[in-house]
2 protein chains.
Amino acid sequence: MEVDSAQEQPTGVCPHFHAAIELIGKRWTGAILSALIEGPQRFGELAGAVPGMSDRLLSRRLRELESEGLVGRQVEAGSPVRVTYSLTEAGAELGPAISELKSWAKRWRAE
Amino acid sequence: MEVDSAQEQPTGVCPHFHAAIELIGKRWTGAILSALIEGPQRFGELAGAVPGMSDRLLSRRLRELESEGLVGRQVEAGSPVRVTYSLTEAGAELGPAISELKSWAKRWRAE
């Protein structure tokens, strides 16, 4: 990682910011987070909210977001088992950044 | 969930937001934008602010950001020619989103 060189270079870009922007900008990840900001969702609901993404990639991204601590997974017993995804506290706190970016996209890209 | 049959993706994520977050989250792009928010910079200054990125990739990302209308390129005659990069109005207006993400990274990733 760039941690050491960033410390040597006071004018360098913060490595935590750098990692964060590339995490949320990863293909489909921003779209998944944006959908989860609306509230907890089941797998099928997420797939519907992000059309064009394969179920396989959605699974992979959700696992990544879980391991990054941004998304939690709640399993309710039953038949079939009901699995719901929701943002953790850290994930939910991305809300303002995502909201700013939505305003930007609306202003500069939606014409 | 309400379904508006007039829209193609009623519950879907805004495609402009989706494109925007993947644009700024592309490898190194967020770091370059973050450096340019500090002010106009020459190629070598940018390369120094974003250690670890090759000059070739920096050139490519700057061309992409130019074609997306986020970065402008000013050439001053001389020997050697002096080239400066700066944010356009659209690029500069990403400031609040980037600033929110920096706060998030500081809070959740910097421990």
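## A tour of the contact between chains A and B

Begin by selecting helix α2(A) and helix α6(B) in this predicted model, where His16(A), Phe17(A), Ala19(A), Ala20(A) and Ile21(A) of α2(A) meet Leu101(B), Lys102(B), Trp104(B), Ala105(B), Lys106(B) and Arg109(B) of α6(B). Colour these residues by class, and the contact of α2(A) with α6(B) shows seven nonpolar, one polar and three charged residues.

Next, keep the two helices on screen and draw their axes. A pair of packed helices is described by the angle between the axes and the distance between them. Here the axes of α2(A), residues 15-24, and α6(B) come within 8 Å and cross at roughly 110°. Because angles of 65 to 115 degrees count as roughly perpendicular, α2(A) and α6(B) are described as roughly perpendicular to each other.

Now select α6(B) by itself. This helix has 15 residues and reaches 20 Å from its first C-alpha to its last, which is close to the 21 Å expected at 1.5 Å a residue. Show the side chains of Ala97(B), Ile98(B), Leu101(B), Trp104(B) and Ala105(B), which are the buried residues to look for in α6(B). Turn the view until you look down the axis of α6(B): the buried residues fall within an arc of 120°, and so they line one face of the helix. To see what lies against them, add α2 and α7 (95-109) of chain A together with α2 of chain B, since these are the elements that the buried residues of α6(B) pack against.

Then widen the selection to the whole contact between the chains, in which 39 residues of chain B are in contact with 40 residues of chain A. On the chain B side, the elements that give two or more residues are α1 (15-24), α2 (29-37), α3 (43-49) and α6 (95-109). Of these, α6(B) gives the most, with 10 residues. Coloured by class, the side of chain B that touches chain A has 21 nonpolar, 10 polar and eight charged residues.

Finally, hide chain B and look at chain A as a whole. Chain A has seven helices and three strands, and along the sequence these follow the pattern α-α-α-β-α-α-β-β-α-α. Its C-alpha trace spans about 55 × 40 × 25 Å along the principal axes. If you colour chain A by burial, buried residues make up 33% of its 111 residues. Among the contacts in chain A between residues at least 6 apart in sequence, 41% join residues at least 24 apart.

Terms used
Residues numbered from 1 in each chain as written. Chains lettered and ligands numbered in written order. Predicted model: local features only at pLDDT ≥ 70, side-chain atom pairs only at ≥ 80, totals over all residues. Contact = placed C-beta atoms within 7 Å. Helix = DSSP H or I, 4+ residues; strand = E, 2+ residues; numbered from the N terminus. Nonpolar A, V, L, I, M, F, W, Y, C, P; charged D, E, K, R; others polar. Axes fitted to C-alpha atoms, helices over the stretch in contact; angles between N-to-C directions. Parallel < 35°, antiparallel > 145°, perpendicular 65-115°, else oblique. Expected span 1.5 Å × (residues − 1). Buried ≥ 20, exposed ≤ 12 C-beta atoms within 10 Å, placed from the backbone. Arc of directions from axis to C-beta.
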